[in-house]
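Work through the following exercises with the sequence and the model side by side. Each task is followed by a solution that goes step by step.

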Amino acid sequence: MCNEKSAFKMKSKVYFKTFGCRTNLYDSQAMIGALKDYEVTLDETQADLIVLNSCTVTNGADTHVRSYISQIEKKSNAKLFLTGCGAHTKGESLLKEGRIHGVFGQSEKLKIDTLLSKEKPFYDPGDLNYIDEAIVDDFIGKSRAFIKIQEGCDFRCSYCIIPFVRGDARSINENKILEQITRLALNGFGEFILSGTNVGSYGKNTNTSIAKLMKKISQIRGVRRIRLGSIEPIQITDEFKEVLDESWLEKHLHIALQHTSPTMLKLMNRRNIYNQDRELFEFLSDKGFAIGTDFITGHPGENEVIWDEAIKNIQQLPLTHLHAFTYSKRDNTPSSIMRPEINGKLAKTRLHEIQNIVDEKNYNFRKNFNLPLEVLIENKIDQNLYQGFDQHFNRIIIQSNEDLVGNWVNISNYEIQKGNNYAQL
Ligand code: SF4
């Protein structure tokens with residue numbers, strides 16, 4: 001018989017610290033969903049245990065993880081656990097240094113209760129070929145749901161460590177994805193962001209495709225908008241082009257180019273070719289799409305000639321959004337031994353140069369668009385101020401006396417300024 005005292009025994013509190021990409025955000029949510037013997041806290045200072053879901057995309061990302069651990073060591077006695085990509089690169093050394101209690105690979109995440117209860121320090125890197133089966137029903141504090149549809153990458157871009165820590169591309173079972181979205185739609189989510197390491201490779205080995213998956217998702221009751229985390233230019237196939245006019249597809253695509261100089265694309269071992277990228281972007285722009293891209297400045301070998309060519313090409317592309325990074329060396333990648341290296345300051349200057357170009361293009365895009373905005377309100381940013389994103393993934397700041405969080409609103413009357421759109425409701 002259970003006595004009253006044990007029935008009301010306080011559960012230890014766990015804080016999840018998530019670094020890096022959406023895949024990690026998803027994995028943290030899956031761990032939270034699987035947690036039974038512990039309580040989740042959103043307040044780091046209250047935590048008895050901290051799970052650090054780490055990123056290792058650059059040497060800098062590893063440094064962030066280390067400095068976070070140092071910070072915690074100074075102010076708390078919480079037991080630390082490390083998972084995510086950093087578990088594979090830095091896990092063993094951090095464990096040996098006695099700075100963390102346990103290391104586990106993301107394939108082990110659903111065993112979270114057992115892992116957190118282990119008395120002795122442990123190292124369990126898990127299985128790199130693991131395919132996710134976790135179903136996430138809710139995303140705390142988010143109006144949009146991130147759905148992980150695949151894991152890993154078959155590309156071998158010369159600067160990237162990801163395939164070595166996330167493994168080759170493999171897809172999550174279609175029925176699992178559809179079941180998960182059905183549940184989330186029932187819980188009120190209307191926008192779904194399909195994410196993974198290399199989203200466009202979905203279905204490659206299972207005889208299906210990202211386009212087929214999106215069509216099936218769109219038929220689920222309650223699904224209003226589907227967005228792709230990112231896609232590679234060569235993954236926009238004829239089959240994909242057939243869904244471009246569907247109303248459920250967000251009128252914004254994030255297509256990863258990484259560079260616009262053909263010479264640099266070769267050095268980076270990328271699969272995209274600038275002339276084809278340009279044709280594709282123009283085709284999508286003519287269809288009304290806002291287009292974002294990733295771009296790395298300062299990769300080894302980016303001399304003045306290459307940079308001039310890249311800038312000239314960026315000017316020609318109908319871009320509206322940019323996710324630019326300065327190159328950051330990752331040990332054991334082909335780029336890490338390429339020379340000459342580019343000075344970090346110069347890489348930053350170049351980043352600002354392309355950012356300014358794309359900001360201007362975004363402003364012009366918004367000025368030329370004369371139709372109502374379909375906005376999903378994401379969060380409250382201040383007293384009576386809300387922020388949301390429209391169908392082109394442009395931010396809008398809205399003043400309202402009503403609580404708008406999670407609502408869809410159509411807005412025809414708004415002010416276009418550099419940076420953002422503004423409206424009053
Ligand atoms: S596509 Fe290239 S940059 Fe992206 S995860 Fe794969 S190897 Fe890394």
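**Exercise 1.** Determine which residues of H13 are buried and which are exposed, and where the two groups lie.

*Solution.* Begin with the cut-offs: a residue is buried if 20 or more other C-beta atoms lie within 10 Å of its own, exposed if 12 or fewer, and partly exposed in between, with C-beta atoms placed from the backbone. By this count, Trp307, Ala310 and Ile314 are buried in H13. They cover an arc of only 60° around the axis, which puts them on the same side of H13; the arc is that of the directions from the helix axis to the C-beta atoms. An α-helix has 3.6 residues a turn, so residues three or four places apart point the same way. On the other side of H13, the exposed residues are Val305, Asp308, Lys312, Gln315 and Gln316. The cover over the buried residues of H13 includes helix H11 (262-267) and helix H14 (344-368), where helices (H or I, at least four residues) and strands (E, at least two) are DSSP runs, numbered from the N terminus.

The model is a predicted one, in which local features need pLDDT of at least 70 and side-chain atom pairs count only at pLDDT 80 or more, while totals for chains, interfaces and linings use all residues. Residues are numbered from 1 along each chain as its sequence is written.

**Exercise 2.** Check the length of helix H13 (residues 304-316) against its expected span.

*Solution.* The expected span of a helix is 1.5 Å times one less than its number of residues. For the 13 residues of H13 this gives 18 Å, and the end C-alpha atoms are 19 Å apart, which agrees.

**Exercise 3.** Identify the buried residues of helix H9 (residues 210-218) and what covers them.

*Solution.* Ile210, Ala211, Leu213, Met214 and Ile217 are the buried residues of H9. Because they cover an arc of only 160° around the axis, they are on the same side of H9. Their cover includes helix H8 (174-186), strand S10 (191-195), strand S11 (225-228) and helix H10 (238-241).

**Exercise 4.** Which residues surround the ligand, and how do they divide by type?

*Solution.* Count a residue as near the ligand if its C-beta atom, placed from the backbone, lies within 6 Å of it. The surrounding residues are Cys153, Phe155, Arg156, Cys157, Cys160, Ile162, Pro163, Thr197 and Asn198. Here Ala, Val, Leu, Ile, Met, Phe, Trp, Tyr, Cys and Pro count as nonpolar, Asp, Glu, Lys and Arg as charged, and the others, Gly among them, as polar. The shell then divides into six nonpolar, two polar and one charged residue.

**Exercise 5.** Locate the backbone features at proline 340, glutamine 258 and asparagine 384.

*Solution.* Arginine 339 and proline 340 are joined by a cis peptide bond, with omega about 0°, and proline 340 lies in the loop between strand S14 (321-326) and H14. Glutamine 258, although not a glycine, has a positive phi of about 75°; its loop runs between strand S12 (252-254) and H11, and glutamine 258 counts as buried because it has 20 C-beta neighbours inside 10 Å. Asparagine 384 also is a residue other than glycine with a positive phi, near 60°, and is placed in the loop between strand S15 (373-382) and strand S16 (385-389). With 14 other C-beta atoms within 10 Å, asparagine 384 is partly exposed.

How values were computed. A residue is near a molecule or strand if its C-beta atom, placed from the backbone, lies within 6 Å of it. Two residues are in contact if their C-beta atoms, placed from the backbone, lie within 7 Å.
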